[in-house]
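Student: Could you take me closely through a single part of this model, the surroundings of the ligand, and then show me how the rest of the chain connects to that part?

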Amino acid sequence: GRLSGLSTLVTGGGSGLGRAVVDRYIAEGAVVTVLERSPDKLRDLVASHGDSVHPVQGDVTSGDDNVAAVDAALKAFGGLDTFVGNAGLWDFGKPLLRMTMNDLEQGYRELFDVNVKGYIVGARAAAEALAERGGSMIFTLSNAALFPRGGGVLYTASKHAGVGVVSQLAYELAPRVRVNAVAPGGMATDLRGPRAMGLGEQSITDILPVEDQLRQFSALDIAPRAEDYVDPYVLLAARNESRTVTGVVFDVSAVGTPRRPDVDSDVANPGTRKHTT
Ligand code: NAD
């Protein structure tokens with residue numbers, strides 16, 4: 001496999017995109033430590049992958065839990081080659097004027113703690129081990145890291161902050177550690193919201209007519225699944241496939257070019273060209 005013998009750590013690897021990355025990394029020959037808050041999801045992972053996965057139950061907002069996960073990876077697999085910061089919360093696109101001051105103040109804290117602080121303390125915990133192996137960090141951002149309409153102001157601001165995390169850490173940790181991000185677009189997962197906003201038990205899949213919505217957003221007219229986004233995570237983790245890449249946000253969301261379903265072109269609609277003779 002492209003990741004043979006690599007030791008990797010994925011946060012939020014219990015479901016959705018993180019789980020898809022874990023499954024693919026193992027298929028490519030890596031071993032994976034997973035920092036995840038849900039014990040049920042960790043049990044499922046171990047049932048599927050046995051010794052290839054090392055589960056660590058904990059919270060990404062805790063520096064200590066991140067250190068424990070890195071230590072577990074070092075103990076189980078002898079080192080660390082790749083840190084994937086991925087666990088996140090969404091704000092369900094709640095508009096500013098529909099949020100109370102309490103939503104904003106408490107929701108901000110909870111969401112930024114996971115989406116921003118979680119990435120920074122994870123990076124701190126992993127950096128020295130990664131430097132020893134010449135490894136890399138990969139963060140999950142979003143179309144919301146680059147464009148509006150992928151969430152509300154809390155989520156969009158938190159994912160934009162992730163661009164700063166990548167840019168600054170790529171600078172500080174060079175040349176030993178490369179730091180990049182993948183920005184996927186929407187997908188049906190178990191993505192939750194802040195408890196403080198009453199969104200702790202809501203899942204993105206419960207509220208969106210996801211297929212239709214995703215198809216409308218994508219310039220490519222597809223409704224991607226989590227598995228469709230994992231290739232860049234392999235590219236960025238593989239030892240010799242992205243040696244020159246650092247400080248990059250790899251936008252794979254296909255939302256930056258808005259879809260024009262009404263466009264009348266030969267390229268968009270092959271075979272429908274009207275002949276005028
Ligand atoms: P998900 O909820 O299925 O996966 C996230 C995992 O992280 C879950 O298993 C959850 O239990 C875990 N987690 C959440 N908070 C945690 C914490 N504090 N400590 C430890 N684990 C925690 O959702 P997903 O959609 O796969 O989300 C993964 C990433 O993808 C997030 O960063 C999200 O912002 C990003 N993303 C998602 C979408 C989408 O439409 N689903 C689009 C763009 C980006």
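Tutor: What follows starts at the ligand and then moves outward along the chain.

Keep in mind that this is a predicted model. The shell around the ligand holds 29 residues, and the nearest of them are Ser15, Glu36, Asn86, Tyr155 and Thr189. Sorted by class, that shell consists of 11 nonpolar, 12 polar and 6 charged residues.

Some of the protein's polar atoms lie a short listed distance from the ligand's oxygen atoms. For serine 15, a polar side-chain atom is 2.6 Å from a ligand oxygen. For asparagine 86, the atom concerned is a backbone N or O, at 2.8 Å from an oxygen atom of the ligand. Methionine 187 also takes part through its backbone, where a polar atom is 3.0 Å from an oxygen atom of the ligand. On its own the ligand has 820 Å² of accessible area, and the protein covers 97% of this. Three helices each give two or more residues to the shell: H1 (16-27), H4 (101-133) and H5 (153-173).

Of these helices, take H5 to begin with. Helix H5 is 21 residues long, and the distance from its first C-alpha to its last is 30 Å, close to the 30 Å expected at 1.5 Å a residue. Its buried residues include Leu154, Tyr155, Thr156, Ser158 and Lys159. Tyr155 is also one of the residues that come nearest to the ligand. Further along H5, Gly162, Val165, Val166, Leu169 and Ala170 are buried too. The buried residues of this helix pack against H4, strand E5 (136-140) and strand E6 (178-183).

Helix H4 can be followed through one residue, tyrosine 119. Tyrosine 119 has a relative accessible area of 2%, so it counts as buried. Among the residues it touches are Asn86 and Lys159. Asn86 is one of the residues nearest to the ligand, and Lys159 is among the buried residues of H5. Tyrosine 119 also touches Gly85, Ala87, Val114, Phe139, Thr140 and Leu141. By contrast, tyrosine 119 and alanine 238 have C-alpha atoms 21 Å from each other, with their positions 119 residues apart along the chain.

A second buried residue to look at is asparagine 66, which belongs to helix H3 (residues 63-77). Its relative accessibility is 1%, and because buried means under 20%, it falls in that class. Its contacts beyond its sequence neighbours include Thr11, Leu35, Asp59, Val60 and Phe83. Gly118, Val121, Gly122 and Ala125 are also touched by asparagine 66.

Now return to the ligand and to threonine 189, another of the residues nearest to it. Threonine 189 sits in the loop between E6 and helix H6 (204-207). With 16% relative accessibility, threonine 189 is classed as buried. Its side chain reaches the backbone nitrogen of leucine 191 at 3.1 Å. Apart from neighbours within four places in sequence, threonine 189 is in contact with Gly16, Leu17, Ser203, Ile204 and Thr205. Threonine 189 and glycine 134 are 55 residues apart in sequence, and their C-alpha atoms are 32 Å apart in space.

The loop that leads from H5 to E6 contains proline 175. The peptide bond between alanine 174 and proline 175 is cis, with omega at about 0 degrees. As background, most peptide bonds are trans, and most residues other than glycine have a negative phi.

Two residues have a positive phi. Aspartate 221 is not a glycine, yet its phi is near 60 degrees. Aspartate 221 lies in the loop between helix H7 (210-217) and helix H8 (231-237), and at 34% relative accessibility it is partly exposed. Alanine 254, with a positive phi of about 55 degrees, is not a glycine either. Alanine 254 is in the segment after strand E7 (249-251); its relative accessible area is 24%, so it is partly exposed.

The last stop is serine 242, in the loop between H8 and E7. At 2% relative accessibility, serine 242 counts as buried. A polar atom of its side chain is 3.0 Å from the backbone oxygen of leucine 235. Beyond its neighbours within four places in sequence, serine 242 is in contact with Arg178, Leu235 and Leu236.

How values were computed: Residues numbered from 1 in each chain as written. Predicted model: local features only at pLDDT ≥ 70, side-chain atom pairs only at ≥ 80, totals over all residues. Heavy atoms only, no water. Near = heavy atom within 4 Å. Polar contact = N/O pair within 3.5 Å; in protein donor to acceptor, adjacent residues only side chain to side chain. Areas by Shrake-Rupley, 256 points an atom, 1.4 Å probe, with all protein chains shown as cover. Helix = DSSP H or I, 4+ residues; strand = E, 2+ residues; numbered from the N terminus. Nonpolar A, V, L, I, M, F, W, Y, C, P; charged D, E, K, R; others polar. Expected span 1.5 Å × (residues − 1). Buried < 20%, exposed > 50% of the residue type's maximum accessible area, 1.4 Å probe, protein only. Contact = heavy atoms within 4.5 Å.
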